[in-house]
Amino acid sequence: MAASMACQAAVRGLRAASTKQLLVSQNQLVRVSPRRWLNLQEYQSKKLMQDSGVTVQRFFVADTASEALEAAKRLKAKEIVLKAQILAGGRGKGVFDSGLKGGVHLTKDPAVVGELAGKMLGFNLTTKQTPKEGVKVKTVMVAEALDISRETYFAILMDRSCNGPVMVGSPQGGVDIEEVAATTPELIFKEIIDIFEGVRDDQALRMAANLGFKGPLERQAVDQIKRLYDLFLKVDATQVEVNPLGETPEGQVVCFDAKINFDDNAEFRQKAVFAMDDTAESDPLETEAAKYDLKYIGLDGNIACFVNGAGLAMATCDIIDLHGGKPANFLDLGGGVKENQVYVAFKLLTADPKTHTCC
């Protein structure tokens, strides 16, 4: 029972994480959360891919309605997609306090882009993953809309069991990859990458074929796979997940959506990447805790937890729950904690208005 409650507490506490890490064990895929989260907006991830030669939709970023209108005109696209930039998922079905429904809109008229952007920018967008009051939209992405004739899944990730990077792919893209692994594990393909050799031609070709690319598209897919691996190394990523990696009716292989996780230990040499971290939508207490390497996750109760060690912290949350209470937070001081960290931890706990007592 305790283990079950600990899992529930962890799941609730990790609600603010925008990305999760994939781990591979034979044909099973399991998601776990990294120590801290570098939160990048969609356009920032696309820019990193674009800079590495990965094929993405043409796009511009706008902070005002007039900029969005100008961007739509500059695209000269048959169809345009306008996307509100927030970290929370479910934008397409979200609602703005301006009355506009949906944070993702398609149109063929650039003038409509300006009108829609005016109802997005400066207004709060509420989705299933945002607080009740929603999140203020400060930026929109104006992109070329492309038709997708087929969707696949592709990822490169660090896997401890393989002592290095691994490519994972499936011809079933655009859906929850864990569901694919559970129901049709034979459609999950894996290639272990030698960190010294990199992605070999035969590996890239085999993966492209397993993803179902044929003819000229197979060569394009090989090129995209290699460029994604170059990006993986360049930014010290622990995971680059593309879902979907799609093909268009015009014969293009395009990375339509991607999640990138980064190695926190490489922050010292990835200053430009980590400077893009968007903490505006994060819990201020969690953001402050991360500055001091404290693992703090806000929960919904009123009893604060002040514990040294993640296992003991989870057990403490369980005990509180078992006796009818509700933990206000998950706070792990970690090993080698310093006096200043303890001081900051106490300040974090007392700053939470929900906290009535501490254990």
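## A buried glutamine, ring pairs and a small sheet

Let's start with Gln 85: at 3% relative accessibility, this residue counts as buried, because anything under 20% falls in that class. Keep in mind that we're looking at a predicted model here. Along the chain, Gln 85 has its place in the loop between β4 (80-84) and β5.

What does the side chain of Gln 85 meet at the backbone nitrogen of Tyr 43? One of its polar atoms lies 3.1 Å from that nitrogen. The backbone nitrogen of Glu 42 also has a polar atom of the Gln 85 side chain 3.4 Å away. Leaving aside residues up to four places away in sequence, Gln 85 touches a whole list of others, including Gln 41, Arg 91, Val 137, Met 141 and Glu 281.

The loop that holds Gln 85 runs on to β5, so to speak of that strand next is handy. An open sheet of three strands has β5, β7 and β8 in that order, with antiparallel pairing. Its edge strands, β5 (95-96) and β8 (135-136), each pair on one side only. Between β5 and β7 (residues 124-126) there are two bridges, in the antiparallel sense, and Val 95 stands opposite Thr 126 of β7.

Now for the aromatic rings. The count of aromatic pairs comes to three. In one of them, Tyr 229 and Phe 232 have ring centres 6.0 Å apart and planes at 15°, so they're stacked. These two sit three residues apart in helix α7 (residues 216-234), which means about one helical turn separates them. Both Tyr 229 and Phe 232 are buried.

Phe 306 and Phe 346 make another pair: with centres 4.4 Å apart and planes at 25°, they count as stacked because the planes are under 30 degrees apart. This pair links distant parts of the chain, 40 residues apart, with Phe 306 in the loop between β17 (303-304) and α10 (310-322) and Phe 346 in helix α11 (residues 339-351). Buried or partly exposed, what is Phe 306? At 21% relative accessibility, Phe 306 is partly exposed, and Phe 346, at 44%, is partly exposed too.

Rings also turn up beneath charged ends of arginines, as listed here:

| Charged end | Ring below | Distance to ring centre |
|---|---|---|
| Arg 74 | Phe 60 | 4.1 Å |
| Arg 150 | Phe 213 | 4.8 Å |

Notes: Residues are numbered from 1 along each chain as its sequence is written. This is a predicted model: local features need pLDDT of at least 70, side-chain atom pairs count only at pLDDT 80 or more; totals for chains, interfaces and linings use all residues. Side-chain values use heavy atoms; hydrogens and water are left out. Two strands pair if DSSP finds at least two bridges between them. Helices (H or I, at least four residues) and strands (E, at least two) are DSSP runs, numbered from the N terminus. Rings of Phe, Tyr and Trp (its six-membered ring) pair if their centres lie within 6.5 Å; planes under 30 degrees apart count as stacked, over 60 as edge-to-face and the rest as tilted. Buried means under 20% relative accessible area, exposed over 50%, partly exposed in between (1.4 Å probe, protein chains only). A charge sits over a ring if NZ of Lys or CZ of Arg is within 6 Å of the ring centre and within 35 degrees of the ring normal. A polar contact is a pair of N or O atoms within 3.5 Å; within protein, one must be able to donate a hydrogen and the other to accept it, and residues adjacent in sequence count only if both atoms are side-chain atoms. Contact means heavy atoms within 4.5 Å.
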